[in-house]
Amino acid sequence: MPTDNPLLQYQALPRFDCILPEHAQPAIETILAYAEPSLAKIEQSVTPTWKGAILPLRKLLEPLDFAWGVITHLHSVMNTTEWRTAHDALQPSVIAFSLRVNQSDSIYKALKTLRSGTAWSTLDETQQRIVAASLLDAELAGVGLPNEKRERFNTIKRELALTSTQFSNNVLDATKAFALNLQTQADIAGLPKSLLAAASEAAKLAGSETSTAEIGPWVITLEAPLFVPFMQYSTQRDHRETLYRAFVTRASSGDGDNTPLIDTTLKLRREMAEILGYTTYAEVSLAQKMADSPSAVDAMIERLHSVAAPAAQRELEELRRYAAQHGETKTLMNWDVAFWSDHMRETLFEFTDEDLRPYFQFPRVLEGLFDLAHNLFGITIAPPESEIPVWHEDVRPFTIKDASGADMATFYLDPYSRPATKRGGAWMNALRPRQQTPDGKITLPVATMVCNQTRPSNDKPSLMTFNEVTTLFHEFGHTLQHLLTTVNEPEAAGIHNVEWDAVELPSQFMENWCYHRPTLIRMSEHIDTGEPLPEALYQKLYRARTFLAGSSTMRQLLFAALDLELHHRYRADGTLTPDDVKRCIGSKFSLMPFIEQDRFLCGFSHIFAGGYAAGYYSYKWAEVLSADAFGAFVEAGLNDNDAIIQTGQRFRDTILAAGGSLHPMDVFKSFRGREPDPNTLLRHQGLLEKEG
Ligand code: ZN
């Protein structure tokens, strides 16, 4: 392969200083031109051994993984027209090639023989898990099916892809199509300035070119950045009602009605499950997850429900009382809950995001985070000794060293928002896994950590909201799992091969430290006065964490239970409709009954157009794991630093080290000495009394 193209230099750190969009196409074409015949050769010569099947595939895929990883990364953080064009043009051929590897019959047969033969016992546990995962991947992609079944399977796959796109488009169209027009000062009563500015922008998009934030007109659509704060802040009850009704009936009528697509999707998913030898689609989804059966998910939901339901009921009573005391004369309805909750929160805790912001200067917060990592895991994080090229001047590279001073990993932190070219949200991207090459050398892992926090302004550093602080800790948790792995097989190193419902464990675990008093106080310093966060403000922040915990748990449980019901017990050929199922599940999980016109399933993109089908429970599942992992530190004593260090070391040696080399239940048990206990989460959220 020619090596003057920096995207082909996969054995070094990416040359971000000289990688250009015009490198993308020749790099991918070169790699694929070499990989296609190599794959054909592997298919002919594959043998049912680790060396004869997995290692050649690893070698085949490494240059592609690297180049495509860098391209998709730059596409998300430097999204210029050139990068978008390059990325979009290449994506189909990259996906097609990956599918061809995944669905290769001869490789599948070799791996199957390997699993059932005598060579199986010569593989260690990590290797066995890698082979088993590849086999399952292939099987769920339809490999191994007899011809006539495979044809039907492929047809279903294609239809489901179309249905999902159509579903999502209908939701997007309906979300955009609705507009609440606001003209007068009465219309905008209660709305904060930031929302008025956004609503004025929306009005301009809708054609009111002269709109300003101060004098309007304003437009509120059903898009989250407008819809959510409007429901929180607007004192105009009739406007909230209009907006709410529009939201829960999105994509439920006319040309863009998603009702028939829901039926088709559920029918096709069940048929697909049956072709694959499962009874329901939920079983297919769970085959690749930590939860081993729908009944395990049911059990978690039931346990959390039994405690959250009465708590949520009490919270609702309190909210009703509070609203009545503050002048609400009508019965509280669905469109009142967010408004009064927010009102009550402000009265109870008397602080806003803006009150906290001056205390959280980014450089200081980062120092606090790295100190915490040093204390917990014995690692040292610092800028690299020699210069490492980056893709933007905002970006800061870091190296991680262990206690002996040996290099462990490199990561890049891209902290600030750049709305014009950077995708929103925050994420960790695994650029390279740890691996041991055949000559025994260890290649160290590399990750990118991307946030979208407030930019520095003038001579002031980035002042972070508390939410931006917890997001930074969250992504750092993902980064640590990828970088502190001790697994040498790249397919199971770091975040690779970690089950989807367990992958949020280290990230949510790290968020807990933002409420740990010594950690939080140490990283706070008021930008003007230099004072740390006052104790009274810390106490309010801490108490606000569990405000309305019962109600928010119930909301997540409603979605999880409904998703599981539809993909497991529900029969599309029976007499009930999905909407009937929704009402039935709602009677148990929804505090306020759905309004009669409610059709929120038509807008439930997570399960009908996203990756969460029979997987919505994962949010709560991972929360149970992360809260219980943090519980080990609580039990050891959060004020006892020796105990924290010991427990931190154990966390590093088990959860952060194991990556995807073991079943997550085994990993969890090796840290906690037992299976996860949902009660820890319930106590953590203030829903259960502390023991003792
Ligand atoms: Zn995450």
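This is a short talk on a zinc site, a sheet with its helices, and two buried residues in one predicted model.

Some ground rules come before the tour. Residues are numbered from 1 along each chain as its sequence is written, and side-chain values use heavy atoms, with hydrogens and water left out. Because the model is predicted, local features need pLDDT of at least 70 and side-chain atom pairs count only at pLDDT 80 or more, while totals for chains, interfaces and linings use all residues.

Let's start with the metal. Which atoms hold the zinc ion? They are NE2 of His 474, NE2 of His 478 and two OE atoms of Glu 504, at 2.1 to 2.7 Å. A donor here is an N, O or S atom within 2.8 Å of the metal (3.2 Å for Na, K and Ca); water is not among the atoms, so sites may look incomplete. Along the chain, the donors follow the spacing H-x3-H-x25-E. Now look at where they sit. His 474 lies in helix 16, residues 466–483, and Glu 504 lies in the loop between helix 16 and helix 17 (505–511), so the pair ties together parts that are 30 residues apart in sequence. Helices (H or I, at least four residues) and strands (E, at least two) are DSSP runs, numbered from the N terminus.

What about the geometry? The 4 donor atoms make angles of 52 to 139°, and the site is irregular. Here is the rule. Four donors are tetrahedral if all angles lie between 85 and 135 degrees; four are square planar and six octahedral if opposite donors are over 155 degrees apart and all others between 65 and 115; anything else is irregular.

Are these residues buried or exposed? His 474 is buried, at a relative accessible area of 13%. Glu 504 is partly exposed, at 25%. Buried means under 20% relative accessible area, exposed means over 50%, and partly exposed is in between (1.4 Å probe, protein chains only).

Next, the sheet. It is open, has 5 strands in the order 3-4-5-9-6, and its pairing is mixed. Strand 3 (380–382) and strand 6 (427–432) are the edges; each pairs on one side only. Neighbouring strands are turned by 25° against each other on average, direction ignored. Two strands pair if DSSP finds at least two bridges between them.

Walk across the sheet with me. Strand 3 and strand 4 are antiparallel, with 3 bridges. Thr 380 has Lys 401 in strand 4 as its bridge partner. Strand 4 and strand 5 are also joined in the antiparallel sense, by 6 bridges. These two form a hairpin with 5 residues between them, and Gly 405 in the turn has a positive phi of about 90°. Then comes strand 5 (407–416) with strand 9 (446–453): they run parallel, with 6 bridges. Asp 414 is the bridge partner of Val 450 in strand 9. Last, strand 6 and strand 9 pair antiparallel over 5 bridges.

Take Thr 448 in strand 9. Tyr 412 stands opposite Thr 448. Asn 429 stands opposite Thr 448 too. How many residues of strand 9 are buried? The count is 7 of the 8, so strand 9 is largely enclosed by the rest of the structure. In strand 4, 5 of the 6 residues are buried, so it is largely enclosed as well.

Now the helices on the sheet. Helix 2 (residues 50–77) lies across strands 5, 6 and 9, at about 150° to strand 6. Helix 15 (residues 362–377) lies across strands 3, 4, 5 and 9, at about 155° to strand 5. Axes are lines fitted to C-alpha atoms, for helices over the stretch in contact, and angles run from 0 to 180 degrees between N-to-C directions. Buried residues of helix 15 include Phe 362, Leu 366, Leu 369 and Phe 377. Just after helix 15, Gly 378 has a positive phi of about 70°.

Two more stops. Thr 647 lies in helix 24, residues 641–658. Thr 647 is buried, at 5%. Beyond four places in sequence, Thr 647 touches Ala 632, Phe 633, Ala 636 and Phe 671. Contact means heavy atoms within 4.5 Å.

Ala 141 sits in the loop between helix 5 (125–140) and helix 6 (147–177). Ala 141 is buried, at 13%. Leaving aside neighbours within four places, Ala 141 is in contact with Gln 103 and Phe 153.
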